[in-house]
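Visitor: I am new to this kind of model and would like to learn how to read it. Could you walk me through it?

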Protein chains: 2
Amino acid sequence: MQKAVHRAVRELQAGEGELTVPAVAARAGVTPSTIYRRWGTLSQLLSDVALEKLRPETAPVDTGSLKGDLILWLEQYVEEMASAPGRAMIRDILRETLPGNASQCSAFTYGQIEHIHARALDRGELPPPAELLLERVIAPLMYRILFTPAPPTAEEARRLLDEVLTYPLGEGNTDATANK
Amino acid sequence: MQKAVHRAVRELQAGEGELTVPAVAARAGVTPSTIYRRWGTLSQLLSDVALEKLRPETAPVDTGSLKGDLILWLEQYVEEMASAPGRAMIRDILRETLPGNASQCSAFTYGQIEHIHARALDRGELPPPAELLLERVIAPLMYRILFTPAPPTAEEARRLLDEVLTYPLGEGNTDATANK
């Protein structure tokens with residue numbers, strides 16, 4: 001049932017139809033009350049659908065180096081998140097009525113960075129902590145996406161990443177690194 | 001009319017009543033169609049009300065030094081934004097159906113930092129650019145507020161601020177400073 005309802009939402013989002021609970025229900029072959037019982041509100045359903053779209057399907061590509069892995073992954077991240085559909089997905093996730101989806105969204109990002117981090121350690125590289133990349137690279141990009149008229153570019157993402165890789169340790173970051 | 005409608009929303013938010021367009025209209029003494037004509041959707045109305053609540057009423061307090069001004073202002077910013085009502089306001093602002101409120105929200109923050117910045121220059125201090133404070137302090141705090149289960153604390157805000165004040169210039173920030 002969940003799959004059919006999610007698919008109905010994605011189809012209505014892609015098409016011209018109005019996105020309402022009755023329209024989703026009709027397309028999914030269930031009753032509106034089934035949807036209200038399972039999701040509570042349309043906002044929660046849209047948030048759940050957006051979260052599924054953002055779930056990473058594969059591990060970040062192994063380019064052979066920490067810097068290469070981070071640059072490639074970040075380019076794809078910005079391309080996805082700063083696009084009009086990406087921005088809509090993030091806003092949908094934040095519309096959730098029950099907490100959880102927003103932190104799951106952040107956990108997906110953290111998990112991908114941790115994957116790159118672990119691979120770098122295996123190679124004998126010294127990667128900056130994943131927390132620092134979330135704080136110095138992902139957070140400013142997300143702020144730009146949500147709060148400024150012009151979405152960030154790949155160049156800006158690259159500049160933020162370069163700053164972390166060039167000056168990885170500021171006061172207070174030393175502890176985070178020591179914990180790794 | 002706008003004032004009466006905004007007040008009706010704030011009263012319903014503070015009380016037990018259901019927050020619907022008919023309820024807002026009845027309390028404000030207008031018709032629901034008046035509200036739909038002016039705001040389009042309930043989301044847009046809630047976003048507009050939240051933005052008004054976040055509009056700064058006074059300039060940041062002058063404590064006599066850049067660091068003192070920033071610490072005091074940031075403490076108040078975190079106390080307001082990381083509280084349950086603050087988080088709800090930010091989410092309401094991001095629910096807007098017309099763009100503009102989210103960037104206005106960021107412009108309020110930028111304006112307050114710029115005020116502190118200009119005062120520091122008048123004193124002969126060398127403040128970091130407002131853009132850098134948005135990127136290194138405000139953006140990570142907002143990311144924490146929106147995407148993680150535990151809201152940020154005043155200590156974390158202070159740590160982020162200390163990092164900027166201790167190491168104000170990273171690669172790429174030199175230009176921003178030169179523009180000041």
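Visitor: How many salt bridges are there between chain A and chain B?

Guide: A salt bridge is a side-chain nitrogen of Lys or Arg within 4 Å of a carboxyl oxygen of Asp or Glu. Between chain A and chain B the count is six. One of the salt bridges joins the side chains of Glu163(A) and Arg136(B), at 2.8 Å from N to O. Please keep in mind that this is a predicted model, where local features need pLDDT of at least 70, side-chain atom pairs count only at pLDDT 80 or more, and totals for chains, interfaces and linings use all residues. Residues are numbered from 1 along each chain as its sequence is written, chains are lettered from A in the order in which they are written, and side-chain values use heavy atoms, leaving out hydrogens and water.

Visitor: How many residue pairs are in polar contact between chain A and chain B?

Guide: A polar contact is a pair of N or O atoms within 3.5 Å; within protein, one must be able to donate a hydrogen and the other to accept it, and residues adjacent in sequence count only if both atoms are side-chain atoms. Here eight residue pairs between the two chains qualify, both residues being at pLDDT 80 or more.

Visitor: Which helices of chain A each supply at least two residues of the side that touches chain B?

Guide: Helices are DSSP runs of H or I with at least four residues, strands are E runs of at least two, and both are numbered from the N terminus. The helices in question are H6 (84-94), H7 (101-122), H8 (130-147) and H9 (154-166) of chain A. H8(A) gives the most, with ten residues. Chain A as a whole has ten helices and zero strands.

Visitor: How many residues does the contact take from each chain?

Guide: Contact means heavy atoms within 4.5 Å. The contact takes 29 residues from chain A and 29 residues from chain B. Moreover, 100% of the interface residues of chain A are also interface residues in chain B, so the copies meet through the same surface.

Visitor: What turn lays chain A on chain B?

Guide: Copies are superposed by least squares on the C-alpha atoms of residues with pLDDT of at least 70 in both. A turn of 180° with a shift of 0.0 Å along the axis does it, at an RMSD of 0.0 Å. The two copies are thus related as by a two-fold rotation axis. In chain A, Ala139(A) has the C-alpha nearest that axis, 2.8 Å from it.
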